[in-house]
Every structure is written in structure tokens, then in C-alpha cells.
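These are my notebook entries on one protein chain, written as I looked things up one after another. I have tried to keep each entry to what I could read from the structure.

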Amino acid sequence: MAPWLTVIGIGEDGFSGLGKQARRALLAATRVFGSPRQLALLPRCIGGERLPWPRPFSLEPVLALHGEPVCVLASGDPMFYGVGASLARHVPAAAMQVLPMPSSCALAAARLGWALQDVQVVSLVARPLAVLNGHLFSGLRLLLLSNDEHSPAAIAALLCERGFGPSRLQVFEHLGGAAERQLAGTAEDWPHGDIAALNLVAIDCLAAPNALRLPRVAGLPDSAFLHDGQLTKRDVRAITLARLAPQPGEVLWDVGAGCGSIGIEWMRAHPSCRTLAIEADEGRQGFIEHNRDALGVPGLQLIRGKAPQALEALEQPDAVFIGGGVTREGVLGLCWERLRPGGRLVANAVTLQSEGVLAQFRDAHGGELTRIHIAHTQPLGAFDTWRQALPITLLEVVKPFDA
């Protein structure tokens with residue numbers, strides 16, 4: 001199969017910076033897609049029809065021209081947070097050739113003298129700024145693909161709000177072109193207002209002494225979550241997540257999500273992990289929305305409804321956690337039925353009735369029951385004593401592949 005589609009990375013230096021293969025593809029193309037800025041970089045000798053991307057953005061105009069010599073322009077490396085990666089999900093590799101240029105991140109790292117493999121890259125293009133909250137660790141270096149000219153100031157404000165005001169920011173405009181410019185300052189004293197829409201932000205993260213420092217491992221402090229008491233407590237949460245065993249790209253159903261703590265920590269385990277948090281209480285739904293943003297996983301999907309009815313049309317999960325509602329008729333059964341073979345189901349119980357349901361389920365489907373006892377020291381007069389929390393019964397069961 002000969003390639004009909006050529007995806008070309010183009011820099012700020014335009015047509016003159018392209019190699020021979022990219023120039024030949026553009027000269028032969030009947031149609032060329034790109035942003036208005038990118039299309040304006042082409043010289044008159046390119047005779048193909050120039051087509052800006054439709055709004056709202058869609059790949060359909062390109063895919064509809066299957067078999068014609070078509071070019072698509074992208075910024076820098078099309079396969080790095082670019083349109084090339086989106087097209088590759090629809091066009092076979094043999095039908096598409098990709099001709100990359102250095103990405104803006106590669107150019108920024110070269111300007112800064114940063115080893116690119118040691119830098120965390122985060123895209124804010126058409127994504128909530130709250131995604132940055134999951135990447136704020138003192139000593140970490142970040143490269144942020146900005147959404148627009150307002151992004152640097154918004155990033156500086158968020159850093160100050162999260163206790164990272166001393167962090168050093170450097171903004172790069174029009175990397176690789178004649179208009180390239182570099183601006184610098186700290187988040188707490190960000191002096192720049194007039195910034196180009198096409199920019200990239202580099203951050204040397206530095207936390208203030210009073211900043212909240214949250215670990216990546218499971219078991220965030222209970223105080224990290226806004227809640228009304230309906231919360232899987234820290235130590236039990238860490239044990240529960242160890243049994244759920246999140247893997248990259250997997251989907252979790254967090255049934256009876258409460259304030260969302262389990263689903264949020266599942267997503268913090270890896271950027272590609274996803275959570276569907278099912279919660280019927282409106283107040284707790286608000287807690288979930290607040291907590292997912294504050295802890296850097298705004299992509300957590302809130303399902304407003306009560307199990308089992310709210311579960312019917314959901315995407316098949318790789319793991320299920322039931323923190324509340326195991327005694328509700330049909331919940332355990334439907335979760336088990338929809339769970340992917342090889343997936344993990346974990347459920348916690350506090351009452352005798354819910355513990356009995358888990359015991360019956362284990363008798364029918366196997367698995368392991370674990371009793372968790374946790375005690376904390378509390379004052380007793382002039383002394384200290386142990387105060388026992390309510391014991392938790394945890395069911396863990398893996399669904400057989402032949403189930």
C-alpha cells in the first residue's frame with residue numbers, strides 16, 4: 001500500500017526549513033490541511049487547495065479523501081501531542097508517512113540545557129489547567145504546552161495557590177523562528193502580560209516551606225480530600241488500592257464513590273488510568289468534582305446515579321471497587337458480570353450484614369477475605385491509649401478468564 005497521506009511537521013521557519021521529501025509531498029498534494037498560521041507559511045508554488053481545519057475540529061475532511069495525495073501540516077513533531085497521533089488511529093501505517101521536525105519541547109530543552117528524558121511534559125492544549133496539580137513536586141522540571149496567551153499567567157497563579165510560588169518560569173514564544181523570544185520570572189512575581197498565543201512554559205518546581213507535599217504512592221492524607229466523613233480512610237485506602245493493583249490504561253468503576261478518594265488515587269497511579277466514579281448523593285458529587293481537580297485528575301468521569309441502575313451502560317471495567325452499597329440487590333452481581341475477565345473486584349464492608357454478603361459472594365466465586373484492624377493513639381487523661389477504628393472486612397477476587 002503506497003502512502004496517500006503525508007503528515008509534515010513544520011516549524012516557525014516555514015517552507016525553507018523543510019527537507020526535500022516534505023517539499024516534494026507538498027508540491028504533489030491536491031489538498032493541504034493545517035491551521036491558518038501554518039498554511040500561511042507555504043509559498044505560492046504549492047498549488048494544492050489549502051484547507052484550514054473545520055470548527056469544531058474534525059479529521060473527517062481528511063479521511064474522506066482516502067487515496068488522494070493529501071498533506072497535513074502539524075507543529076514540530078506530529079506524533080508528539082500532535083494531529084499525527086490522532087490520524088494514526090484511523091489510517092494504517094502503510095498508508096501514511098510522517099515527516100517530523102524537532103518538537104517545541106526538544107527546542108526548549110536545547111535552549112535550557114535540560115535533558116529531555118528527565119523532564120515531565122504536560123499538555124494544556126484544550127485540557128483543564130487542573131491537570132497540572134498532579135505534577136507539582138519540588139525539584140521536578142516541567143515543560144507545559146500552553147493552550148493560549150493566557151496560559152502563563154494562569155499557570156503562575158495556580159503555582160502560587162498550591163504553594164509553589166518560588167518556582168522559576170521561562171516562557172518561549174515562536175520557538176525556532178525569527179520572532180523567537182524568551183521570558184523569565186518566578187510564579188509569585190510574574191511580570192509578563194503581553195505573550196504570544198503560541199508559547200511553551202518551562203518550570204523549575206520549587207515548593208515554599210508551607211506547601212502541601214503529596215506523595216505519588218497510594219494513601220494520601222485524609223486532609224487532602226474534601227469530604228463529609230464518607231471517606232475510605234488513609235490506611236485502609238492504601239491497602240485497598242494495593243489489592244486493586246492499577247495498571248496503565250485500565251478502567252476502574254468506583255461504586256458508591258463518596259468523595260472520590262479511591263478513584264482519584266487510582267488515576268494518580270499512572271496518567272493513562274481512568275475512573276468512572278458512581279455516586280448518587282449530590283453533596284458528595286460536589287466533593288468528587290472539587291477533589292479530582294485539586295489532586296490533578298480532572299479527567300475522572302463522575303456518573304451521577306445509584307447502582308445498579310447507573311452501571312448498565314458504562315464501559316467495561318478492568319477493576320471494580322465497591323465502597324458502599326454491597327447489600328443493595330443486584331450491585332455485586334452486575335459488577336461481577338460486567339468485570340473484564342482477569343479483572344479485580346474489591347469490596348469493603350463494615351456492618352455484619354454487608355460482611356455476610358461478601359462471605360456469600362466468596363463462597364460462590366472464590367477470592368479472599370481480609371479483616372483490617374487499625375488503632376490510633378489518643379490522649380486518656382495525662383496518658384495515651386489506643387483507640388480502635390471500626391474493623392473493615394475486605395473481599396478481593398479475580399475474575400477467571402473462562403468465567
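Before anything else I wrote down a term that I need for strand partners: two strands pair if DSSP finds at least two bridges between them. I also noted that the model is a predicted one.

**Entry: strand β19 and its partners**

I began with the term just defined and looked up V346, which stands opposite E396 in β19. Six bridges join β15 to β19, and the two strands run antiparallel. I then turned to β16, which covers residues 368-372 and is joined to β19 by five bridges, again in an antiparallel arrangement. Here L369 is the residue that stands opposite L395 in β19. Is β19 itself mostly covered or mostly open? I found that five of the seven residues of this strand, which spans 392-398, are buried, and I recorded β19 as mostly covered.

**Entry: the whole chain**

Stepping back, I counted up the secondary structure of the chain and arrived at eleven helices and 19 strands. Along the principal axes, the C-alpha atoms fill a box of roughly 80 × 55 × 35 Å. Of the 403 residues, 46% count as buried. I also looked at contacts between residues at least 6 apart in sequence, and 64% of these join residues that are at least 24 apart.

**Entry: an open sheet of five strands**

In which order do the strands of the open sheet lie? I read the order as β3-β2-β4-β1-β5, with parallel pairing among the five strands. The strands at the edges are β3 (49-52) and β5 (96-99), each of which pairs on one side only. On average, neighbouring strands of this sheet are turned by 20° against each other, if the direction is ignored. Looking at one pair in detail, I found four bridges between β1 (residues 5-10) and β5, which run parallel, and I noted M96 in β5 as the bridge partner of L5. Helix α1, residues 20-28, packs on the sheet and touches β1, β2 (31-34), β4 (70-75) and β5. The direction of α1 makes about 125° with that of β1.

**Entry: L65**

I looked up L65 in the loop between α3 (60-63) and β4. Its relative accessible area is 12%, and a residue counts as buried when this value is under 20%, so I entered L65 as buried. Which residues does L65 touch, if those up to four places away in sequence are not counted? I listed W4, R31, F33 and V70. One of these, R31, is 34 residues from L65 in sequence, while the C-alpha atoms of the two are 9.1 Å apart in space.

**Entry: E173**

Next I went to E173, which lies in strand β8, residues 168-173. With a relative accessibility of 5%, E173 counts as buried. The side chains of E173 and R181 are joined by a polar contact of 2.8 Å. Beyond its neighbours within four places in sequence, E173 is in contact with several residues, among them A179, L183, D194, I195 and N199.

**Entry: the largest pocket**

How much space lies in the largest pocket? I noted about 1700 Å³. There are 49 residues lining this pocket, and those closest to its centre are R37, Q38, S75, V125 and L198. Several elements supply at least two lining residues each, namely α2 (36-39), β4, α4 (83-88), α5 (104-112) and β10 (199-204).

**Entry: helix α8 and T232**

Why do I describe helix α8 as largely enclosed by the rest of the structure? Eight of the eight residues in this helix, 261-268, are buried, and that is the reason for the description. Among the buried residues I picked out S261, I262 and W266. The cover over the buried residues of α8 includes α7 (234-244), β11 (251-255), β12 (274-279), α9 (282-294), β14 (319-322) and β15 (344-349).

My last lookup was T232, found in the loop between β10 and α7. T232 is buried, with a relative accessible area of 18%. Setting aside neighbours within four places in sequence, T232 is in contact with D222, R237, S261, I262, F321 and N348.

Technical notes: Residues are numbered from 1 along each chain as its sequence is written. This is a predicted model: local features need pLDDT of at least 70, side-chain atom pairs count only at pLDDT 80 or more; totals for chains, interfaces and linings use all residues. Side-chain values use heavy atoms; hydrogens and water are left out. Axes are lines fitted to C-alpha atoms, for helices over the stretch in contact, and angles run from 0 to 180 degrees between N-to-C directions. Contact means heavy atoms within 4.5 Å. Buried means under 20% relative accessible area, exposed over 50%, partly exposed in between (1.4 Å probe, protein chains only). A polar contact is a pair of N or O atoms within 3.5 Å; within protein, one must be able to donate a hydrogen and the other to accept it, and residues adjacent in sequence count only if both atoms are side-chain atoms. On a 1 Å grid over the protein atoms alone, a cavity is a set of points where a 1.4 Å probe fits but cannot get out, and a pocket is an open set with protein on both sides within 12 Å along at least five of seven lines; lining residues have an atom within 4 Å of a point. Grid points are joined across faces, edges and corners, and a volume is the space filled by probe spheres set on the points.
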